[in-house]
Amino acid sequence: MTTTGLAEPFLRAQLETLGLAVEYVRAEGDTLYRRGEDGREIPVLDLVGGFGATILGHHHPEVTSLAQELLAAQVPVHAQFSLHPYAETVARRLNDILRRETGDPGPYLAVFANSGAEAVEAAVKHAELDRGLKAAALLERIGESIERARRAARDGAPLSPAAQRLADGGDFEALAAAVTAVNRARAEEPPVLLALSGSFHGKLIGSVQLTHNPAVREPFRALAAPCRFVPAEDPETLAAAIAEERRTVLGLALCGGAVDLVEHQLPRLCALLLEPVQGEGGVRPLTAGYAREVQRICAEADCPIVVDEVQSGMGRTGTFLASSAIGLRGDYYVLAKSLGGGIAKAAVTLVHHGRHRPEFELLHSSTFAKDAFSTLIAARTLDLLEADGGALYRRAAERGERILKQLSGVRDDFKDVVVDVRGRGLMLGLELRDQSDSPSPVLRELSRAGVLGYAAAGHLLNAHALRVFPTASAVTTLRIEPSVGITDARIDQAEAALRALCEVLRAQDGERLLGR
Ligand code: F0G
């Protein structure tokens, strides 16, 4: 058997075909270094930024030096089931920030994790615990109502016409059995999870069902609760979906001296998940108007909102939370990626105290979550974001506007090959035109195979030392997520490279795109 390796050899072969099989040997700021044939380092401008994990850039000096100090001081990384003052510091700081941005006094309780998908799943798992406990409490109250009705029936209270119909002509015990059977069947229906078309919430067994792309979701649909997807910016469809999923359970009460049926709303809605700016789905910000409607619809239906800020959060869009800028308030917030300062694996789920269930703390855990190394790095990262009265957030907004302006210039000059540029702050996308009908067989083939964006990335890397990637679910959108430290010169360099790419596409020069 011949193989190119054992660590994901298929992926490696793909990277080779597209000119993306590169080893990076060092990283700093917005630069990744590869090694040239003469052994010297070649800088590559990195606008992928760890898919949004490096808002501070690679190896921010203060984060890296803290990491070195922690290791030198032999700070215990693992001390499970003991006090974790560092985790407490992170939770408190996050609460201060959330209070400032959302106006909600909270507090939000923190559950730590290691990755975005894991933290998303912790949010959903918590929401399901809450839903299950609420449903159980309702069914218990209903059981009590049946007992009261039983006593009344013994004392001679008749059954109402509706109760008689359900009892199918039988006595009170027939009615009680029918009510219990109906309730049991309804309570056993799976919970309802809602997310938006184009969403990305992770790739673990649970979270992959919340990720819209059918290619990554469907092979695993038998393993976890399915999700109902609704189009973004369409509140009517969301409201209709919620109405359709409504279920009631039955209780009994005395009404005008007779035993009658009463309906109670069964808590069926586990959660609605959304990204304030969809990242992997092609960089699509939600509008404030939609956020307002979502908030209203979910409040009416008592559906918890999980705001997935894994990619959009941590100041990337010009506020700590992208959701706060559109007035969207979450029952849950999920943060990861840049929380680890570009070097640690850190994630956190924040649960509004109004929904928090203390039981969860004993039901959920992970060996590495909340370790001293990652939480101390996260705390320092938050310090750096919050320094100088929010200067970093203003800079993210200002840098983002500058890049967006330059990208808009590229779009205006190359309308034949660029469809759109969009985004907020340092979360931007440039959408290339599909080339499925190109006169160039190479471009046609790449486009039809869904890899035009990757071929463009390979070209930018090899011809212009620029690293960008399309997103897996929006294959022609190049994602641009630099650090907040990106300089004017680097922005100009990126613009020049993108213009050169557009020239190649305009010339329908597939061979040149592939560097042949
Ligand atoms: N939620 C969002 C909004 C994400 O963008 C991602 C990852 C996750 C959850 C999962 O986080 O990878 O740490 O488990 N997004 C990457 C991307 C993979 O390509 O946008 P993870």
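This report walks through a four-stranded sheet, a bent helix and a pocket in a predicted model.

## The open sheet

Let's start with the strands. Four of them make up an open sheet, ordered β1-β2-β3-β17, and the pairing is mixed. β1 (24-28) and β17 (466-467) stand at the edges with a single partner strand each, so one side of each has no neighbour in the sheet.

Walking across the sheet from β1, you meet β2 (residues 31-35), which runs antiparallel to β1 and is joined to it by four bridges. If you would like a pair to click on, the bridge partner of E28 is T31 in β2.

## From β2 to β17

β2 is also joined to β3 (residues 41-46), here by five bridges, and these two strands run antiparallel as well. R34 stands opposite I42 of β3. The two strands form a hairpin with five residues between them. One turn residue to look at is G39, which has a positive phi of about 90 degrees.

The step from β3 to β17 brings in the parallel sense, with two bridges between the strands. Here D46 stands opposite R467 of β17.

## A helix with a bend

Next comes helix α13, which covers residues 372-413. A straight helix of 42 residues would span 62 Å at 1.5 Å a residue, yet α13 spans only 51 Å between its end C-alpha atoms. Where should you look along the chain for a bend in α13? Go to G389, where the helix bends by about 110 degrees.

The start of α13 has a contact that is worth displaying too. There, a side-chain oxygen of D371 comes to within 3.1 Å of the backbone nitrogen of F373.

## The second largest pocket

Finally, a place for the pocket-minded: the second largest pocket has a volume of about 980 Å³. It is lined by 32 residues, and those closest to its centre are A110, V111, F112, E361 and K370.

Which elements supply at least two residues each to this lining? They include α4 (85-102), β4 (108-113) and α12 (360-363). α4 gives the most, with seven residues.

What about the chemistry of the lining? Its residues divide into 15 nonpolar, 10 polar and seven charged. E361 and K370, listed above, are among the residues closest to the pocket centre, as are A110, V111 and F112.

Notes
Residues numbered from 1 in each chain as written. Predicted model: local features only at pLDDT ≥ 70, side-chain atom pairs only at ≥ 80, totals over all residues. Heavy atoms only, no water. Expected span 1.5 Å × (residues − 1). Bend = angle between axes of the 7 residues up to and from the residue. Polar contact = N/O pair within 3.5 Å; in protein donor to acceptor, adjacent residues only side chain to side chain. Pairing = 2+ DSSP bridges. 1 Å grid on protein atoms, 1.4 Å probe; cavity = no way out; pocket = protein on both sides within 12 Å on 5 of 7 lines; lining within 4 Å. Points joined across faces, edges and corners; volume = space filled by probe spheres on them. Nonpolar A, V, L, I, M, F, W, Y, C, P; charged D, E, K, R; others polar.
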